[in-house]
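Biologist: Hi! Could you walk me through this one in plain words?

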Amino acid sequence: MFGGFSFFPPVIKILLLTNALLFVMILFFGSFSQDGTQLTNYIYYYFGLMPIGFGFWPWQLFSYQFIHADFWHLLFNMFALWMFGMEVEHTWGSRRFLTFYLMCGVVAGIFQLILAPILEPSQSAVPTVGASGAVYGVLIAFAMLFPDRYIFLYFLVPVKAKYFVMGLIVLGILAIGGPTNVANLAHLGGAFAGYLYVLSLTGRLPLHRWWNDVRVKMTMPTTPKSPYRTNETVDAKVYDIRDGKPKDERAEMQQRIDEILDKISRSGYQNLTEEEKKILFEASKKLN
């Protein structure tokens with residue numbers, strides 16, 4: 001049915017079609033009126049992101065991401081999502097990408113709700129709509145994953161992705177408080193969420209090592225120590241992670257532990273191999 005989109009990753013395809021179909025439906029049904037008020041106004045009021053105290057409901061943090069003000073608003077967001085999101089989804093997988101996309105949109109909405117009354121009073125009583133906040137998160141992810149990939153401005157001028165996205169962020173910051181109806185704070189909120197997410201994913205967040213150590217302790221089953229020695233032997237490789245080991249070996253061991261913890265978060269402790277359980281056991285003894 002959608003053979004022309006067969007090369008698109010699943011989430012990108014669904015997001016493009018969902019946003020386009022909702023735009024057409026709102027355009028059609030929104031032209032009808034009830035008690036002299038167009039249905040578009042009701043849609044914006046209940047499903048756009050209304051400011052706190054002016055009709056805000058929690059579900060709007062998700063629903064506003066799928067409503068667009070006009071055709072060009074929709075086209076710009078969907079083009080950017082397609083252009084930058086395809087490789088990110090191919091790299092991460094569909095489930096992680098969808099979680100990331102929606103999370104960036106929610107954080108973008110929270111930024112708009114909290115900061116707009118302070119920094120952009122002109123937007124403090126109007127609804128916010130559009131996927132721009134989530135798309136900015138995707139832009140950040142692309143720039144961090146492929147920083148030296150070239151983007152051709154106007155299909156002519158080559159600019160590295162990291163500089164292109166950095167320029168967009170700087171322009172967004174400079175535009176805060178200006179005479180515009182663009183939700184710059186939502187854009188920056190989505191970008192901020194995307195930046196923290198990628199840092200966390202790559203282990204570059206502060207306290208990341210500490211959190212991994214905590215996860216080792218939380219995931220290891222507690223077993224009472226026996227006062228008796230046994231002659232039983234376990235046919236498994238023993239990993240020693242004492243401080244006396246060379247630095248590169250400790251780094252390799254930490255990477256192995258991180259991989260095991262990721263496996264636990266995906267499928268649970270019970271799916272670890274005996275060797276992986278042994279590694280965690282040795283690591284927990286070191287932590288204790």
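Modeller: Happy to! Let's start with R149, which is partly exposed because its relative accessibility is 33% (buried is under 20% relative accessible area, exposed over 50%, partly exposed in between, with a 1.4 Å probe and protein chains only). This is a predicted model, where local features need pLDDT of at least 70, side-chain atom pairs count only at pLDDT 80 or more, and totals for chains, interfaces and linings use all residues. Residues are numbered from 1 along each chain as its sequence is written, and side-chain values use heavy atoms, leaving out hydrogens and water.

Biologist: Which residue forms a salt bridge with R149?

Modeller: E87 does, with the closest N and O atoms 2.4 Å apart. A salt bridge here is a side-chain nitrogen of Lys or Arg within 4 Å of a carboxyl oxygen of Asp or Glu.

Biologist: Nice, and where do the two sit?

Modeller: E87 lies in helix α4 (residues 71-92) and R149 in the loop between α6 (132-145) and β3 (150-153), so the pair ties together parts 62 residues apart in sequence. Helices (H or I, at least four residues) and strands (E, at least two) are DSSP runs, numbered from the N terminus.

Biologist: How many salt bridges are there in the whole structure?

Modeller: Four. One of them joins the side chains of D148 and K162, at 3.2 Å from N to O. D148 is in the loop between α6 and β3 and K162 in helix α7 (residues 161-174), so this pair links parts 14 residues apart in sequence.

Biologist: Which residues share a network with D148?

Modeller: K160 and K162 are linked with D148 in a network of salt bridges.
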